[in-house]
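Work through these short exercises with the model open. Each task is followed by a stepwise solution.

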Amino acid sequence: MSRATLYVIPGSHPAMAARRMLEHKGIDYKRRDLMPVVSRGVLKVMRFPGVTIPSLRIDGRRITGSREISKALDEVQPDPPLFPSDPAERVQVEDAERWGDEILQDGVRRILWNAIKRDRKPLRSYLDGAKIGVPHGMAVATAAPIIAAELRINGVTDDAVQADLAAFPGWLDRIDNWIEGGVLGGEPPNAADFQIASALALAMTLDDLRPVIESRPAGRLTTRLVPSFPGKVPPILPAEWLEPLQANSEPASVPKG
Ligand SMILES: N[C@@H](CCC(=O)N[C@@H](CS)C(=O)NCC(=O)O)C(=O)O
């Protein structure tokens, strides 16, 4: 029986991917909640190979990174597998997982921090169920330096976020195509399913984004694999930034008569 401790930040989508993969494999683990930025120092002191969340200690190994964790979990406990045994199928899943990590994960993170920059009150909803060692109200009241650091670390400029929102419909099309092609959405779920569904689950905590995701195959995959993700941001992004998404979500026109 593996002994595992997972280091997370409340609201972290790659941390949710790691949690769901551990749960899917039935690996018992302890969850340690850290505050953003502070997490970097803690992981450094604990001699993890990196300073980002998720980081996992399992059977004496220290692993940082959601993709490193998915691979390590298959080594520690091969069943149920997170990657297909067929080499060509495995490459497709690895490509989708990498895209989910490098493109979708970063884009959703930038969009969320841009929303929080506009109003930090919703931050509290992301702390539901988290044990961070200080009262949640106090954490939100003193979050200004953390928000400023996250905006800087993650390159959260208005231009970048506007570009992310313009790209978002194309990202959803890509995910739906992977589901249609069987790369995502099969049984058992694979590492790319967990990576992508966790990022979309965070995106769906924003009222500005949820309606364009939930009714699509990508949205159904998300609610199946990540049924609950704490957090809620009421509509807050500028209407003109959301125009590319609205254009995409309009139902196809049906000829009358
Ligand atoms: N893409 C990597 C890195 C994830 C990452 O940047 N995690 C964020 C939380 S979502 C983090 O550690 N933020 C804290 C900080 O940068 O101070 C992964 O999937 O593991």
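**Exercise 1.** At what angle do helix 1 (residues 13-25) and helix 3 pack, and how far apart are their axes?

*Solution.* Note at the outset that this is a predicted model.
- Step 1: take the geometry. The angle is about 10 degrees, and the axes of helix 1 and helix 3 are 9 Å apart.
- Step 2: classify. Angles under 35 degrees count as roughly parallel. Helix 1 is therefore roughly parallel to helix 3.
- Step 3: list the contacts. Helix 1 contributes P14, A18, M21, L22 and K25; helix 3 contributes S66, I69, S70, L73 and D74.
- Step 4: sort by class. The contact of helix 1 with helix 3 has 6 nonpolar, 2 polar and 2 charged residues.

**Exercise 2.** Are helix 9 and helix 11 roughly parallel or roughly perpendicular to each other?

*Solution.*
- Step 1: find the angle. Helix 9 (residues 191-203) and helix 11 (residues 217-225) pack at about 100 degrees, with axes 9 Å apart.
- Step 2: apply the cut-off. The range 65 to 115 degrees counts as roughly perpendicular. The two helices, 9 and 11, are therefore roughly perpendicular.
- Step 3: name the partners. From helix 9 come D193, F194, A197, L200 and A201; they meet A218, L221, T222 and L225 of helix 11.
- Step 4: sort them. The contact of helix 9 with helix 11 comprises 7 nonpolar, 1 polar and 1 charged residues.

**Exercise 3.** Which residues come nearest to the ligand, of the 15 around it?

*Solution.*
- Step 1: pick the residues. They are R40, I53, S66, D101 and Q105.
- Step 2: check the polar distances, ligand oxygen to side-chain N or O. For S66 the distance is 2.5 Å. For R40 it is 2.8 Å. For E150 it is 3.2 Å.
- Step 3: check burial. The ligand alone exposes 510 Å², and the protein buries 88% of that.
- Step 4: link back. S66 of helix 3 also takes part in the contact with helix 1.

**Exercise 4.** Where is P54, and is the peptide bond from I53 to P54 cis or trans?

*Solution.*
- Step 1: locate P54. It sits in the loop between helix 2 (38-45) and strand 3 (55-58).
- Step 2: read omega. The value is near 5 degrees, and the I53 to P54 bond is cis. I53 is also among the residues that come nearest to the ligand.
- Step 3: look elsewhere in that loop. R47 is found between helix 2 and strand 3 too. R47 is not a glycine, yet its phi is positive, about 60 degrees.
- Step 4: turn to P80. The D79 to P80 bond is cis, with omega near -10 degrees. P80 lies in the loop between helix 3 (66-76) and helix 4 (87-118).

How values were computed. Residues numbered from 1 in each chain as written. Predicted model: local features only at pLDDT ≥ 70, side-chain atom pairs only at ≥ 80, totals over all residues. Heavy atoms only, no water. Axes fitted to C-alpha atoms, helices over the stretch in contact; angles between N-to-C directions. Helix = DSSP H or I, 4+ residues; strand = E, 2+ residues; numbered from the N terminus. Parallel < 35°, antiparallel > 145°, perpendicular 65-115°, else oblique. Contact = heavy atoms within 4.5 Å. Nonpolar A, V, L, I, M, F, W, Y, C, P; charged D, E, K, R; others polar. Near = heavy atom within 4 Å. Polar contact = N/O pair within 3.5 Å; in protein donor to acceptor, adjacent residues only side chain to side chain. Areas by Shrake-Rupley, 256 points an atom, 1.4 Å probe, with all protein chains shown as cover.
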